[in-house]
Amino acid sequence: MRRRFKRKKKKKGGEEEEKQGNEGEEEKEEKKADSSFLLANAQIVDFPIVYCNESFCKISGYNRAEVVQKPCRCTFMYGELTDKETISRIDEVLENQLHDQFEILLYKKNKTPLWLLLQIAPIKNERDLVVLFLLTFRDITALKQPIETEDTKGGNKNYQINIYLNADVMPQYRQEAPKTPPHILLHYCAFKAIWDWVILCLTFYTAIMVPYNVAFKNKTSEDVSLLVVDSIVDVIFFIDIVLNFHTTFVGPGGEVVSDPKVIRMNYLKSWFVIDLLSCLPYDVFNAFDHDEDGIGSLFSALKVVRLLRLGRVVRKLDRYLEYGAAMLILLLCFYMLVAHWLACIWYSIGRSDADNGIQYSWLWKLANVTQTPYSYIWPNESQSPSGGPELVHGPTRRTMYVTALYFTMTCMTSVGFGNVAAETDNEKIFTICMMIIAALLYATIFGHVTTIIQQMTSATAKYHDMLNNVREFMKLHEVPKALSERVMDYVVSTWAMTKGLDTDKVLNYCPKDMKADICVHLNRK
C-alpha cells in the first residue's frame, strides 16, 4: 500500500510540473504574439514598411521580403470583410501622425481571417520630427468579438502619446559584411579589385612580350633590363598565387566560402597548376642558351606557357561588364592582341622559309624593297653541326615587326592592300586560317562594341522618349499650360532621382535577406 501511494504521489507531481511547463509555454507564446510589430518610414509617400519582426511574419504568413517596402496600412492583408470605415480611420491617423488603436479584420497569406488589435504610434527624433511609425499587433481572433474595457472602449478617443527617441537610442543602419578570419580576403574588397587590375595589366604585358621575344629572339642573357622586368612580373604572379590561397570565393549555392581549408582545396583543384606554370622563372633556364644541344631554345619556347594566364582574364572581365567604357577598351585591346600574335607567327613563317633557302617569301621581298638584302654565311662544321648556311643582315627588327603587324591588320579588317602578300605555300595556308579566324573575331568583337554603345546611350534615349510621350499626351488632351508645366516638372524631377531605374525589378534580383537589408538602407534617413 505504501509503494502504491508513493507512485501515485510521484505521478501527481509529474502532472503538476507538466502543467506548469505548458503554462510557461503559453505565456511565452502570448508574449510573442504581443511583440508583433512593424516599423514604417513616416517621411515617404504611402509610409513604406522598413522592418518587421519574426512574430509578425508568423501570424501573417508572409516572409520579411514580401512585407518590406509595402504600405504600412497592410493593404496586402485586406479582404472582402475588412471594414472600410476602419481603413479610412487608419489613413486619417497616419496622415495626421496621431496615436490610436483599432480592431480590424485582416487576412493571412493563405486567406485565413485574422482579428487583430492594431496600435499606431508615431516616433519622433531629437528635432521633434516624426520619422517612423510603430505599428503593434495583437491576435484577438480567439475572442471573436472585440472586448471593450475601460481602457479600450471608445477607439476614437484621442491619444496624444508620442514616443521620443534621440540619436543615441534610434537604431542605426549597419551594413554587415560576411565575417572572415583575419588572414582571409573578401574577393570583392577594394584591395582585391585593385590587385586584379594590376594582374590584368601584367597579363597583357606577358601576352605581348612572350610571343615577341620567342619569335624575334629579342631577349638574351645580356639584356639585363628585360630580365629584371620579367623577374619582377614573375614575383608579382607568385604573390598572386599566395593571395589566391587566402581569398574567398562564391560556392555553388551562392554563399561566400571563407573556410581556409575549403579555399585551398578549391584553388588547388582549379587554377593552381596554370598559375604555377605561368610564374615559373623560365629566364633562369636561359643559362643553357649557349648549350650545343639546343636546350636553351627549348626553355625559350616554354615561355609561351605564360599565355595560359589569359585564362584569368575571362574571370576578371565578368566582374566589370557593367562598365561600358572599360569593356570597350578591353575588347579593342584583345583585338590588337590577336593581331600581334598573328604578326609574330607570320614573321616566324617567313623567317623559316628564308632560312630554308626560299628567296621569294614575303620577308625576302621586304629585304629587297628596303634595300637591305639578306646574305648567307657558311660556317665551319665545328661552329654549326648541321652544316647549313646562316642568314644574316636584312631589314631591322622594327621594320619586320611593323610590316608583319600591318599585313595581319589588313587581313583581319578585310582591307588587303596587296603590297604585302603570301607567296610560299606555308604563308598561303596560314593566311587562309587567319582570314577564317579574323572573320569570326571581327563579327564577335564589333558586335559587342555595337551592343555596348547602344547600352551606354539607352538611358538617354529612354528619357527623351518618355518626354516626347508626355508632350504628345498634353497636346492630344489639350491640358492647360500651367498643369502641363507641373506635370513636366514632376516627370523630370522623378527621373533625376531614379534615373529611370525600376526599384522593384532590381530588388527582385536579390535574395530575400539581402532585399530586406537594401530596403532598410533605402529608408535609413
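Which residues of the largest nonpolar core touch the most other members? In this predicted model, that core comprises 37 residues, and those touching the most other members are Phe216, Tyr347, Trp362, Leu363, Tyr374, Met400 and Met412. At least two residues of this core come from each of helix H5 (190–216), helix H11 (324–355), helix H12 (362–369), helix H13 (397–412) and helix H14 (425–476), with H11 giving the most, namely 12 residues. The core also draws on two domains, since domain 2 (176–322) and domain 3 (324–457) each provide at least three of its residues.

Met400 offers a way to look into this core: when its neighbours within four places in sequence are left aside, Met400 is in contact with Phe216, Tyr347, Trp362, Leu363, Leu366, Tyr374 and Pro395. A second core, separate from the one just described, has 29 residues, among them Met77, Ile90, Leu106 and Leu118. In soluble globular proteins, nonpolar side chains tend to be buried together.

H14, which supplies at least two residues to the largest core, can then be followed to its pairing with helix H15 (residues 481–498), where the two axes come within 11 Å and cross at roughly 165°. Because angles over 145 degrees count as roughly antiparallel, H14 and H15 are therefore roughly antiparallel to each other, and H14 passes H15 in a right-handed crossing. On the H14 side, the residues that meet H15 are Ala459, Lys462, Tyr463, Met466, Leu467, Val470, Arg471 and Met474, while H15 contributes Ser484, Val487, Met488, Val491, Val492 and Trp495 to these contacts.

Key. Residues are numbered from 1 along each chain as its sequence is written. This is a predicted model: local features need pLDDT of at least 70, side-chain atom pairs count only at pLDDT 80 or more; totals for chains, interfaces and linings use all residues. Side-chain values use heavy atoms; hydrogens and water are left out. A nonpolar core is a set of buried Ala, Val, Leu, Ile, Met, Phe, Trp, Tyr and Cys residues joined through side-chain atoms within 4.5 Å. Buried means under 20% relative accessible area, exposed over 50%, partly exposed in between (1.4 Å probe, protein chains only). Helices (H or I, at least four residues) and strands (E, at least two) are DSSP runs, numbered from the N terminus. Domain bounds come from an automatic or database domain assignment. Contact means heavy atoms within 4.5 Å. Axes are lines fitted to C-alpha atoms, for helices over the stretch in contact, and angles run from 0 to 180 degrees between N-to-C directions. Angles under 35 degrees count as roughly parallel, over 145 as roughly antiparallel, 65 to 115 as roughly perpendicular and the rest as oblique. A crossing is left-handed if the near helix is turned anticlockwise from the far one by less than a right angle, and right-handed if clockwise.
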